[in-house]
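Please open the model in your viewer and keep the sequence panel visible. The tour proceeds from the whole chain to a single helix.

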Amino acid sequence: MHIDDDVFEESASADRENDGAAAFDPARFRNRALALLSRREYSRAELRAKLRPHCPDAQILDDLLDDFQQRRWLSDERFAEQWAHYRSQRYGTRRLVAELRQKGVASDIISNTLENLETDEFATARALWQRKFGQPPQDAKERAKQLRFLAARGFSTGVIYRVVGGEDESDSYD
């Protein structure tokens, strides 16, 4: 028995189109979202961006995210707290604010999170500087290098100059 190539191609093409329409399975999609959340916390905007390519309708995605928020499986506040706590050990407040904004966290959540963060920016900057350099700069070039190092990590200008200038925590003006 001989199958005409044109008929076979039309049939295969129709099967592919039907598979594309039937490929979205809400249960699999929900499981995909849960699998992502089981690995780490996400902000709503971050999880939405990650799941959007796998969902044919934005309303389905928004409904799923609303459901997750109602169940407290998804929380921008919790995400911001964990992110800030983890990253504050190596970065300054400016950098944390920029990263959280980039992740889609609202400004009021960011400010509340950073207010509640129990880290001393000066102590963190000093510890990083101590590990990297350990001694005051010997010349202007070395000083600029140390200033750039701390600035790139998001510490405030006042903290940077105090650390590189050799102030101790006891010399604090706060």
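The stops below each name a selection and describe what is found there.

**Whole chain.** Begin with the entire chain, bearing in mind that this is a predicted model. Coloured by secondary structure, the chain shows 10 helices and zero strands. Now switch to a surface display: the exposed area is about 11400 Å², of which carbon and sulfur atoms supply 47%. Of the 174 residues, 34% count as buried. Among contacts between residues at least 6 apart in sequence, 59% join residues at least 24 apart.

**Residues 30–54.** Select this segment next; an unreviewed UniProt entry lists it as "domain: RecX first three-helical". Helix accounts for 72% of the segment and strand for 0%. The C-alpha atoms at the ends of residues 30–54 lie 11 Å apart.

**Residues 75–114.** Move on to the segment that the unreviewed UniProt entry records as "domain: RecX second three-helical". Here the chain is 75% helix and 0% strand, with 16 Å between the end C-alpha atoms.

**Helix 7.** Select residues 107–116, which form helix 7, and display the side chains. Which residues of helix 7 are buried? They are I109, I110, T113 and L114. These residues lie on the same side of helix 7 because they cover an arc of only 125 degrees around the axis. Rotate the view to the face turned away from the buried side of helix 7, where the exposed residues E115 and N116 are found.

**The cover of helix 7.** Finally, add helix 5 (76–87) and helix 6 (93–102) to the selection; both are among the elements that cover the buried residues of helix 7.

Terms used. Residues numbered from 1 in each chain as written. Predicted model: local features only at pLDDT ≥ 70, side-chain atom pairs only at ≥ 80, totals over all residues. Heavy atoms only, no water. UniProt positions renumbered as here; feature names shortened; annotations may be inferred. Helix = DSSP H or I, 4+ residues; strand = E, 2+ residues; numbered from the N terminus. Buried < 20%, exposed > 50% of the residue type's maximum accessible area, 1.4 Å probe, protein only. Contact = heavy atoms within 4.5 Å. Areas by Shrake-Rupley, 256 points an atom, 1.4 Å probe, with all protein chains shown as cover. Arc of directions from axis to C-beta.
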